[in-house]
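Here are some exercises to work through with the structure open beside you. Try each task before you read its solution.

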Amino acid sequence: TSTCTQNVTVKDTQLPTIVCPPNKSLISADPGKCYATGIVLGAPVVNDNCGVASVTNDAPVQYPVGTTLVTWTVTDANGNVNTCIQTIKVVDTQSPLIICPSSLTDVPADATSCSATGLSLGTPVTSDNCGIKSVTNNAPAAFPVGTTIVTWTATDVHDNTATCMQTVEVADYTPPTITCPSDLTGILADAGKCYATGVSLGTPVTSDNCGVAGVTNDAPAQFPVGITIVTWTVTDNAGLTATCTQSVTVTDSQAPVITCPANLTAVP
C-alpha cells in the first residue's frame, strides 16, 4: 500500500441572520428632561449555520426627543457580521411652565381718553424641559376703563403650550369739565311778586373722557329780587364731578301802589 494526504478547507461565508426587535414610538421623555432613559429595547432574533458568537447594539444611555436609530450587530463564530436597524421615537409631551407678571391695579386712564396706553405689563417667568420657542400675549394696544384679562401663552420647541392670566384694572381719575350758561341780568320779577319764576337758564357745555352721566343744578323754583347764584354740577360715569356757577339777577320794576286818603274840605 501507499498513501497520500489531501487538505480540504471549508470556509463559512454565510452571514448570520438578525431580525431587530419591533420599533418603538411615542416614548415620552423623562419628567423635566428632553430625553428618555431606561427604554427596554427587546431582543433581536438571530441565527447562524455555525453558531452566533455575539450580539451587540449602539443604543445610547439617553434617547433625545426625536428619532434615534439603534444598530444591532450579530457576529457568528467565524467572524461573519450582519446588522439591522431598530427605530426609537421619543416625544416631548410636557407643557412648558409660565408664571404671569403681577396684576396691575389702579392704572389711571389717559387724560384725553377712556383707556390707558403704553402700559408695561412686565415679563412672565417661563421654563421648559426642551426649551421655549415663543412667549406671546393678547394684550390690546389700549386698555379700557375697567378690568381686562391678558392671556400669556408660552410655546416650547415642540409646540406644547401653557397659559396664564394677568389682570389689568384701569380707573378713570379725570374729572369732567363744565362751562355754565351766561349770567342772566335784567330778569323782571313776576307781576305782583317779589320774585321771578319760569326763568330759562340755558344749557351748560360739558365733556368727559369717559362720558357724562348727568347734569344738575340747584336753581330754585322762585328767584327772589336780587342776585341768586346757581351751581351747576356735572357727574361722569366714574362718579367724578365738576361744578360751575351762574348768577341770575332779578329786578323789581313794579311801582308801588298808593291810594291817597279822602280829600278834605273846609268845614265852616
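## Exercise 1: A buried charge

Aspartate 128 is buried but forms no salt bridge, and the nearest side chain of opposite charge, lysine 133, is 11 Å away. Keep in mind that this is a predicted model.

**Task.** Find where aspartate 128 lies, and which backbone nitrogen its side chain reaches at 2.9 Å.

**Solution.**
1. Start with the place: aspartate 128 sits in the loop between strand S12 (125-127) and strand S13 (132-137).
2. Check the salt bridge rule, which asks for a distance within 4 Å. Lysine 133 is 11 Å away, and aspartate 128 has no salt bridge.
3. Now turn to the backbone. The side chain of aspartate 128 reaches the backbone nitrogen of cysteine 130 at 2.9 Å. A polar atom of that side chain also lies 3.1 Å from the backbone nitrogen of glycine 131.
4. Finally, look at the neighbours. Leaving out residues up to four places away in sequence, aspartate 128 touches Asp92, Gln94, Ser95, Pro96 and Asp156.

## Exercise 2: A salt bridge

**Task.** Which residue forms a salt bridge with aspartate 159, and are the two partners buried or exposed?

**Solution.**
1. Locate aspartate 159 in the loop between strand S15 (146-156) and strand S16 (161-171).
2. Search for its partner: lysine 133 forms the salt bridge with aspartate 159, and the closest N and O atoms are 2.4 Å apart.
3. Compare their places in the chain. The pair links distant parts: lysine 133 is in strand S13, 26 residues from aspartate 159.
4. Check the surface: aspartate 159 and lysine 133 are exposed.
5. Count the salt bridges in the model, and you reach one.
6. Add a backbone detail: aspartate 159 has a positive phi of about 70 degrees, although it is not a glycine.

## Exercise 3: Buried or exposed?

**Task.** Decide whether alanine 29 is buried or exposed, and do the same, buried or exposed, for leucine 26.

**Solution.**
1. Recall the cut-offs: buried is under 20% relative accessible area, and exposed is over 50%.
2. Alanine 29 has a relative accessible area of 9%, so it is buried. Its place is the loop between strand S2 (24-28) and strand S3 (35-36).
3. Leucine 26 has 67% relative accessibility, so it counts as exposed. This residue is found in strand S2, and its phi is positive, about 60 degrees, although it is not a glycine.
4. Look at what surrounds alanine 29: among the residues it touches are Cys34, Tyr35, Val65 and Asn129.

## Exercise 4: Strands and a core

**Task.** How many bridges join S23 to S24, and which strand gives the most to the largest nonpolar core?

**Solution.**
1. Count the bridges: ten join S23 to S24, and these strands run antiparallel. Threonine 231 stands opposite threonine 245 in S24.
2. Follow the hairpin of S23 and S24. Four residues lie between the strands, and glycine 239 takes a positive phi near 85 degrees.
3. Look for S23's pairing with strand S21 (residues 212-217): five bridges join these antiparallel strands, with threonine 216 opposite threonine 233 in S23.
4. Turn to the largest nonpolar core, which has 15 residues; Val199, Leu201, Phe223, Trp232 and Val248 touch the most other members. Strand S23 (226-236) and strand S24 (241-251) are the elements that give two or more residues to this core. S24 gives the most, with four residues.
5. Apart from this core lies another, of 14 residues, including Ala109 and Leu121.

Notes:
Residues numbered from 1 in each chain as written. Predicted model: local features only at pLDDT ≥ 70, side-chain atom pairs only at ≥ 80, totals over all residues. Heavy atoms only, no water. Buried < 20%, exposed > 50% of the residue type's maximum accessible area, 1.4 Å probe, protein only. Lys, Arg positive; Asp, Glu negative; His and termini not counted. Polar contact = N/O pair within 3.5 Å; in protein donor to acceptor, adjacent residues only side chain to side chain. Contact = heavy atoms within 4.5 Å. Core = buried A, V, L, I, M, F, W, Y, C linked by side-chain atoms within 4.5 Å. Pairing = 2+ DSSP bridges.
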